[in-house]
Amino acid sequence: MAGVLTSQAQDFPRWYQDVIAKAQLAENGPVRGTMVIRPWAYAIWERLQSALDERIKATGARNAYFPLLIPEAYLRREAEHVEGFSPELAVVTHGGGKALDEPVVVRPTSETIVNAYIARWVSSYRDLPLLLNQWANVVRWELRPRLFLRTSEFLWQEGHTAHTSAEEAHAFALRILDDVYAATMVNELAIPVYRGRKTERERFAGATVSWSCEGAMRDGKALQMGTSHELGQSFARAFGTQYADRDGELRHPWQTSWGTSTRLLGAMIMAHGDDAGLRVPPRLAPVQVAVLVARAGEGVAEAAQALIDDLSAHGVRAELDDALEVSLGRRITDWELRGVPVRVELGPRDLAAGVAVVARRV
RNA sequence: CGGGGCGUAGCGCAGCCUGGUAGCGCGCCGCCUUUGGGUGGCGGAGGUCGCCGGUUCAAAUCCGGCCGCCCCGACCA
């Protein structure tokens with residue numbers, strides 16, 4: 001059929017933008033780099049989020065929430081960290097109609113404010129390991145934004161942990177990389193990933209080692225999909241986090257931080273989408289089976305509803321499409337664009353013959 | 001921030017060079033027709049032509065300034 005989208009071969013970036021628009025996944029916000037996530041994409045994100053959350057909790061980490069606004073001075077406490085993030089900070093200078101005595105920054109990531117509190121909560125080796133995770137939005141003033149892949153504001157999960165040894169922190173950072181990130185990417189997103197250590201240049205600002213999961217996209221490029229960092233003791237020193245060890249000595253804990261974001265939706269689009277549109281991995285698909293009433297007829301609506309009920313009873317997320325005022329071709333194209341894994345078409349002809357058209361899109 | 005391009009209806013664009021009633025496609029609304037892969041027909045709604053100023057009898061069009069956006073580069077989850 002004549003493509004609704006620019007083909008991937010012709011212009012991959014253009015195809016990417018087309019799918020996002022036509023499948024109604026997201027749009028640009030009024031402020032440069034911001035993004036409106038539309039219901040279909042958000043529903044996929046929610047499923048991805050819960051899959052990640054489950055695995056994060058399985059490591060023993062617990063969810064918490066820290067403020068969006070951070071005193072600028074906090075950022076300055078860790079030299080390399082502030083140097084890395086300063087160029088992309090959004091800074092609030094006014095509040096309540098008056099200039100603030102000290103500007104506050106909108107979090108670009110939360111190492112600093114989390115550590116300000118970890119310092120208060122850790123005083124004994126018995127308090128460790130401390131394993132925290134937060135689901136939040138962060139802001140980084142990006143020069144060249146691209147929907148999902150690099151937006152000025154994005155949704156993510158950021159973990160922050162403290163341990164009694166470098167070895168334990170190292171092991172935990174890798175556990176997140178393997179058991180949480182790679183596992184979710186492979187099993188939920190159905191994207192094979194390459195795990196490895198980031199180069200010195202790409203290392204997270206303030207980390208000693210950065211580990212990354214990179215996935216292969218259909219344009220032949222790799223995309224960083226999740227990172228896990230060993231922070232050493234630099235943040236602990238910067239924020240004065242110390243604990244009394246078994247031997248009575250005061251020591252700084254060894255820390256990690258790790259994150260994945262709505263960029264994963266961009267990865268899903270680029271790793272699975274084709275010239276007909278998006279293809280959503282079945283485990284993440286908000287609708288796994290779309291049942292289309294192809295044409296009105298005696299008993300067709302009832303048969304379609306019976307199929308929906310049967311699928312639902314078996315734990316399959318199924319949705320009825322009986323919008324007969326919209327042409328069948330149009331509806332088929334729309335479901336293809338949105339990437340629903342299985343489509344069933346049912347009409348009087350099928351009913352009479354005791355069959356149904358089933359199309360897979362996985 | 002450096003290089004290039006573009007701002008005209010919700011979206012995508014033509015018109016600008018050569019000033020003279022603001023157009024096309026898609027989408028939207030109504031009616032009819034159709035419906036098994038983006039149906040077809042008829043009718044309709046919708047625009048301070050990015051903003052400010054200048055030239056002119058007359059500016060989307062010419063001139064000046066400003067603002068915004070997109071693409072490439074550098075930076076980045």
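These are questions and answers on helix packing and one sheet in a predicted model.

Student: What are the ground rules for this model?
Tutor: The model is predicted, with local features needing pLDDT of at least 70 and side-chain atom pairs counting only at pLDDT 80 or more, while totals for chains, interfaces and linings use all residues. Residues are numbered from 1 along each chain as its sequence is written, chains are lettered from A and ligands numbered from 1 in written order, and side-chain values use heavy atoms, without hydrogens and water.

Student: Why is α2 called roughly perpendicular to α8?
Tutor: The axes of α2 (residues 39-58) and α8 (residues 263-272) come within 10 Å and cross at roughly 110°. Roughly perpendicular covers 65 to 115 degrees (under 35 is roughly parallel, over 145 roughly antiparallel, the rest oblique), so the term applies to α2 and α8.

Student: Which residues of α2 and α8 meet?
Tutor: With contact meaning heavy atoms within 4.5 Å, Ala 41, Ile 44, Trp 45, Leu 48 and Leu 52 in α2 meet Leu 264, Leu 265 and Met 268 in α8. The residues of this contact divide into eight nonpolar, no polar and no charged, where Ala, Val, Leu, Ile, Met, Phe, Trp, Tyr, Cys and Pro count as nonpolar, Asp, Glu, Lys and Arg as charged, and the others, Gly among them, as polar.

Student: How do you know that β15 pairs with β16?
Tutor: Pairing requires at least two DSSP bridges between two strands. Four bridges join β15 (residues 289-293) to β16, and the two run parallel, so the requirement is met.

Student: What makes β16 and β18 edge strands?
Tutor: The open sheet has the order β16-β15-β17-β18. Each of β16 and β18 has a single partner strand, so one side of each lacks a neighbour in the sheet.

Conventions: Axes are lines fitted to C-alpha atoms, for helices over the stretch in contact, and angles run from 0 to 180 degrees between N-to-C directions.
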